[in-house]
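Visitor: Hi, I've just opened this one and I'm new to it. Can you walk me through it?
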Amino acid sequence: MSISIEKLSHTFSQGTPFEKAVLHDITLELDAGSRIGIAGRSGSGKTTLIQHLNGLLRPTGGAISVNGLEVSSRNLKELRRRVGMVSQQPEQQLFEETVFKEVAFGLSGCAITATETDMRVRGALKAVGLGEEILGSSPFALSCGQKRRVAIASVLVTEPEILVMDEPTAGLDPRGRREILDFISGLQRERGLTLIMVSHNMDDLARLCDRVVVLSNGAVAMDGKTREVFGDIGALERAGLKAPQIRYLMMELKRRIPELDDTVLTVEEARVELGRVWGMKREETGSHDERDDHGEVFPRRFDYSQIGSENKDNPDSDLYDRCISC
């Protein structure tokens, strides 16, 4: 299901002394089934933009359509069925007595039977990796990660074709971030959803999205494939952003190891690329690793000479530390 945005503008408190223009002539075509990241500094208009996609805000200029359905007051019910919106830290908006009631609330006003409601609630919980044993539990008794999944289930229960997520990893620790990103990726792939994700974390966008739109001062500053956008570090920094952290590390490493491809965007890609170059070096020198009983390379056998040493007096020690932590 595609989304067409044409010359979208939005001004808050229009016609008053507090008037503030937030979006300016935004034109985008978002293809069905794609994964689109929306990036930008705080105040760049990211959340304002996505709130137009299901009618939470109405344009003060321009137009939006979802698979040909115009975003307008007369189409709100159907629009919100098609476009599911998960706000930032949605677990803070839970309010029902039980998980079942919380998830089923999204079906309020729908002309469906109690049996179908029950099936949809159970299906939505299964989709987010939660078991039926928590249906009667209070959502407030769950862990933070479980609460977030329940909040997402309350959106999925309406069976949307487009899922819009605002900072889905906000407030999570590294393990929780990985788990939620893996879950979102699997969900999008399994259901064939169009995924639109707002994030300040460029590493999250690099890992999950195939296209990135960068907003700056309410206008589109960059738009393209993820690798192309994050490859133009100068343009990113002019928009007040940084590329994924691994890009900077690989660029520094390339100064010392010219054979290295420094265009990688994720730690997983960097691991593969470093392994490739290491293998080349070993073939050239005819050296071999020592491995433990599990096949892992003994860490002290790696030659770190090209990236500096752990000596704190060495100016390259910071690069050494980052390589080890990676």
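Guide: Sure, one term before we start: helices here are DSSP runs of H or I with at least four residues, numbered from the N terminus. With that in hand, I233 lies in helix α9, residues 233-238. Keep in mind that this is a predicted model.

Visitor: Okay, is I233 buried or exposed?
Guide: Buried means under 20% relative accessible area. I233 has 12%, so it counts as buried.

Visitor: And which residues is I233 in contact with?
Guide: If you skip its neighbours within four places in sequence, I233 is in contact with A243, R247, Y248 and M251. Take R247 from that list: it sits 14 residues from I233 along the chain, and their C-alpha atoms are separated by 9.3 Å.

Visitor: Let's zoom out. How many helices and strands does the protein have?
Guide: There are 12 helices and 10 strands. The protein has 326 residues, and 45% of them count as buried.

Visitor: What about the accessible surface of the protein? What does it come to?
Guide: About 16900 Å², with 48% of that belonging to carbon and sulfur atoms.

Visitor: And what share of the contacts joins residues at least 24 apart?
Guide: Counting contacts between residues at least 6 apart in sequence, 60% join residues at least 24 apart.

Visitor: On to strands. What order do the strands of the open sheet have?
Guide: The open sheet of four strands goes β2-β1-β4-β5, with antiparallel pairing. Its edge strands are β2 (20-30) and β5, each of which pairs on one side only.

Visitor: What holds strands of a sheet in pairs, anyway?
Guide: In general, they pair through backbone hydrogen bonds, either parallel or antiparallel.

Visitor: So how many bridges are there between β1 and β4?
Guide: Five, linking β1 (residues 3-12) to β4 (residues 61-66) in the antiparallel sense. If you want to find them on screen, I5 has I64 as its bridge partner in β4, and E6 has A63.

Visitor: And how many bridges join β4 to β5?
Guide: Two, with the strands running antiparallel and β5 covering residues 69-70. There, S65 stands opposite E70. The hairpin of β4 and β5 has two residues between the strands, and N67 takes a positive phi near 50° in it.

Visitor: Switching over to β8: how many of its residues are buried?
Guide: Five of its five, so to speak a full house, for residues 194-198. Both faces are covered: T194, I196 and V198 are buried on one side, L195 and M197 on the other.

Visitor: Which sense does β8 pair in with β3?
Guide: β3 (residues 35-40) and β8 pair in the parallel sense, over four bridges. One spot to look at is R35, which stands opposite L195. Strand β7 (residues 162-166) also runs parallel to β8, joined by five bridges, and D166 has V198 as its bridge partner.

Visitor: Last topic, pockets. What volume does the second largest pocket have?
Guide: About 850 Å³. It is lined by 32 residues, and the closest to its centre are M85, G106, S154, V155 and T158. The elements giving two or more residues to that lining are α1 (46-50), α2 (76-82), β6 (83-86) and α5 (144-156).

Visitor: How do the residues of that lining divide?
Guide: The lining of the second largest pocket has 14 nonpolar residues, 10 polar and eight charged.

Key:
Residues are numbered from 1 along each chain as its sequence is written. This is a predicted model: local features need pLDDT of at least 70, side-chain atom pairs count only at pLDDT 80 or more; totals for chains, interfaces and linings use all residues. Side-chain values use heavy atoms; hydrogens and water are left out. Buried means under 20% relative accessible area, exposed over 50%, partly exposed in between (1.4 Å probe, protein chains only). Contact means heavy atoms within 4.5 Å. Accessible areas come from the Shrake-Rupley method with a 1.4 Å probe; for residues, only the protein chains shown count as cover. Two strands pair if DSSP finds at least two bridges between them. On a 1 Å grid over the protein atoms alone, a cavity is a set of points where a 1.4 Å probe fits but cannot get out, and a pocket is an open set with protein on both sides within 12 Å along at least five of seven lines; lining residues have an atom within 4 Å of a point. Grid points are joined across faces, edges and corners, and a volume is the space filled by probe spheres set on the points. Ala, Val, Leu, Ile, Met, Phe, Trp, Tyr, Cys and Pro count as nonpolar, Asp, Glu, Lys and Arg as charged, and the others, Gly among them, as polar.
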